[in-house]
Amino acid sequence: MNKNIDDNCIFCKLANGIIPTVPIYEDDDFKVILDTSPAAKGHAIILPKTHAANIFELPDEYCEKIFKVAKKCGGAIKNAFNYDGLNVLQNNGEAAGQTVFHLHVHLIPRNTDDGITIKYVPGNNMDQELATQTAEKIKEYM
């Protein structure tokens with residue numbers, strides 16, 4: 001796949017071997033490295049070797065492959081340390097918690113009651129009419 005590297009992007013430098021890392025997986029398009037500030041032992045980050053600020057900029061061919069990499073590496077992390085589960089986390093935009101603007105996917109291994117606070121809190125139930133209107137609005141932009 002074509003690579004677009006941003007010389008000012010730290011994650012481009014990590015993904016492409018310009019800055020040393022501790023990798024657990026690498027292919028032509030991705031490098032998976034251990035997080036330097038891990039939430040848990042084995043916490044890793046999937047880095048595309050091409051620059052894209054977020055999922056909306058990532059070329060489709062990378063999008064198609066990234067979950068295969070997540071499955072392979074996440075399964076290995078989970079099994080290596082006998083974890084109970086795994087968060088696959090990817091943020092887009094500052095409002096969503098993104099702090100480095102090079103798309104990356106966190107693989108955060110989890111145990112029951114581990115104290116890690118990555119939790120979804122459901123809102124109020126949406127009525128059927130509002131749900132239908134919401135879906136129609138979204139479909140306009142597909």
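In this predicted model, glutamate 26 is partly exposed, at a relative accessible area of 43%. Its side chain forms a salt bridge with that of lysine 49, with an N to O distance of 2.7 Å. Glutamate 26 belongs to strand E1, whereas lysine 49 is located in the loop between E3 and H2, so the bridge ties together parts that lie 23 residues apart in sequence. Lysine 49 has a relative accessibility of 7% and therefore counts as buried, the limit being under 20%.

Across the whole structure, 5 salt bridges are found. One of them links the side chains of aspartate 114 and arginine 110 at 2.8 Å, N to O. Arginine 110 is buried, with 11% relative accessibility, and aspartate 114 is partly exposed, with 29%. A salt bridge is also formed by lysine 139 and glutamate 136, whose side chains meet at 3.6 Å, N to O. Both residues are in helix H3 (residues 128-139), and their spacing of 3 residues corresponds to about one helical turn. For glutamate 136 the relative accessible area is 42%, which makes this residue partly exposed. In addition, Asp27, Asp29 and Lys65 are joined into one network by salt bridges that share partners.

The aromatic side chains provide 2 pairs. In one pair, the ring centres of phenylalanine 30 and tyrosine 62 are 5.7 Å apart and the planes meet at 75°; the arrangement is therefore edge-to-face, for which the angle must be over 60 degrees. Phenylalanine 30 is part of strand E2 and tyrosine 62 part of helix H2, so this pair connects parts separated by 32 residues in sequence. Phenylalanine 30 is buried, at 0% relative accessibility, and tyrosine 62 is likewise buried, with a relative accessible area of 0%. The pair formed by phenylalanine 81 and tyrosine 83 is also edge-to-face, with 6.2 Å from centre to centre and 65° between the planes. Here phenylalanine 81 is partly exposed, at 39% relative accessibility, while tyrosine 83 is buried, at 11%.

In soluble globular proteins, nonpolar side chains tend to be buried together. The largest nonpolar core of the model comprises 15 residues, and those with the most contacts inside this core are Phe30, Val32, Ile46, Ile66, Val69 and Leu107. Two or more residues each come from strand E2 (30-34), strand E3 (44-48), helix H2 (60-80) and strand E5 (105-110). The largest contribution is that of H2, with 6 residues. A second core, separate from this one, has 8 residues, among them Leu14, Ala15, Ile33 and Leu47.

The surroundings of leucine 107 were examined individually. When neighbours within four places in sequence are left aside, leucine 107 is in contact with Gly42, His43, Ala44 and Ile46, as well as with Ala70, Cys73, Gly74 and Ile77; Leu86, Asn87 and Val88 complete the set.

Nonpolar side chains also occur on the surface, where Val22, Ile24 and Leu34 form a patch with about 230 Å² of accessible area together. Valine 22 is situated in the loop between helix H1 (10-15) and strand E1 (23-26). With a relative accessibility of 53%, valine 22 counts as exposed, since the cut-off for that class is over 50%.

Technical notes: Residues numbered from 1 in each chain as written. Predicted model: local features only at pLDDT ≥ 70, side-chain atom pairs only at ≥ 80, totals over all residues. Heavy atoms only, no water. Patch = residues over 30% accessible without salt bridge, like charges linked within 9 Å, V, L, I, M, F, W, Y side chains within 5 Å. Areas by Shrake-Rupley, 256 points an atom, 1.4 Å probe, with all protein chains shown as cover. Salt bridge = Lys/Arg side-chain N within 4 Å of Asp/Glu carboxyl O. Helix = DSSP H or I, 4+ residues; strand = E, 2+ residues; numbered from the N terminus. Buried < 20%, exposed > 50% of the residue type's maximum accessible area, 1.4 Å probe, protein only. Core = buried A, V, L, I, M, F, W, Y, C linked by side-chain atoms within 4.5 Å. Contact = heavy atoms within 4.5 Å. Phe/Tyr/Trp six-rings, centres within 6.5 Å; stacked < 30°, edge-to-face > 60°.
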